Amino acid sequence: MKVKMTFSTGPFSLGTLSTAVFLTATVLLPATAHAAVEEGTLNVTATVIAQCTVTTSAVAFGEISPTQAASATGSISISCDADNTLSSVVLDGGSNESAGTRQMSDGTNYIPYTLAVSGSSVAVDGDISSSFTLTGGGPYADSADIDGAIASVGSARVLGSYSDDITVTVTYSAP
């Protein structure tokens, strides 16, 4: 048995319908994007500066007698990059200086002390540049031992932990 089927398209023919579907699909497709390119310049810069660094090793007296003298040695090290010229190394009077005397403090009481460049009996009350031999083109480094001394006293010092902070200032010039 054969069946014959007939389709009615109404007022549209199959060709008209295909064209309508194609036009509708074309309108609904996304538009093709056009790429744009912009360029810029990223600058990368650096300035190399002359630099010296200072490191220190504490003058640590440790445990001391209430009346006897004590001594200890610390150090100052300076390293500079190329072509710097060292002008001076200055140690200030410390946090507890009084009338030109360096003193350690426990917050209330004080113990006077002196500093000197190792091997010298001259107290370091300021500029010690003569103890450093940084010369010529760098990079280079030098150090100096700093001797600390506490004098003996007739009456006992007050027991406690004492300290002081000395600022080391290095002045140098760059080419």
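The points below concern one sheet and two residues, Cys80 and Asp164, of a predicted model.

1. Sheet order. Five strands form an open sheet with antiparallel pairing, arranged as β1-β2-β6-β5-β4. The edge positions are taken by β1 (52-57) and β4 (102-105); each has a single partner strand, so one side of each lacks a neighbour in the sheet. From one strand to the next, the twist averages 30°.

2. Pairing of β1 with β2. These two strands run antiparallel and are joined by six bridges, with β2 covering residues 70-80. Within this pairing, Cys52 stands opposite Cys80 of β2.

3. Surroundings of Cys80. This residue is found in strand β2. Cys80 has a relative accessibility of 5% and counts as buried because the cut-off is under 20%. Its C-alpha atom is separated by 5.8 Å from that of Gln51, although the two residues are 29 residues apart along the chain.

4. Charge state of the Asp164 environment. Asp164 is found in the loop between β6 (140-150) and β7 (168-173). Asp164 is buried yet has no salt bridge. The nearest side chain of opposite charge belongs to Arg102, 5.8 Å away; this lies outside the salt-bridge criterion because that requires a separation within 4 Å.

5. Polar partners of Asp164. Which backbone atom does the side chain of Asp164 reach? The backbone nitrogen of Ser95 is reached at 2.8 Å. A polar contact also links the side chains of Asp164 and Asn96, at 3.2 Å.

6. Wider contacts of Asp164. Leaving aside residues up to four places away in sequence, Asp164 touches Gly93, Gly94, Ser95, Asn96, Gln103, Met104 and Tyr113.

Conventions:
Residues are numbered from 1 along each chain as its sequence is written. This is a predicted model: local features need pLDDT of at least 70, side-chain atom pairs count only at pLDDT 80 or more; totals for chains, interfaces and linings use all residues. Side-chain values use heavy atoms; hydrogens and water are left out. Two strands pair if DSSP finds at least two bridges between them. Helices (H or I, at least four residues) and strands (E, at least two) are DSSP runs, numbered from the N terminus. Axes are lines fitted to C-alpha atoms, for helices over the stretch in contact, and angles run from 0 to 180 degrees between N-to-C directions. Buried means under 20% relative accessible area, exposed over 50%, partly exposed in between (1.4 Å probe, protein chains only). Lys and Arg count as positive and Asp and Glu as negative; His and the chain ends are not counted. A polar contact is a pair of N or O atoms within 3.5 Å; within protein, one must be able to donate a hydrogen and the other to accept it, and residues adjacent in sequence count only if both atoms are side-chain atoms. Contact means heavy atoms within 4.5 Å.
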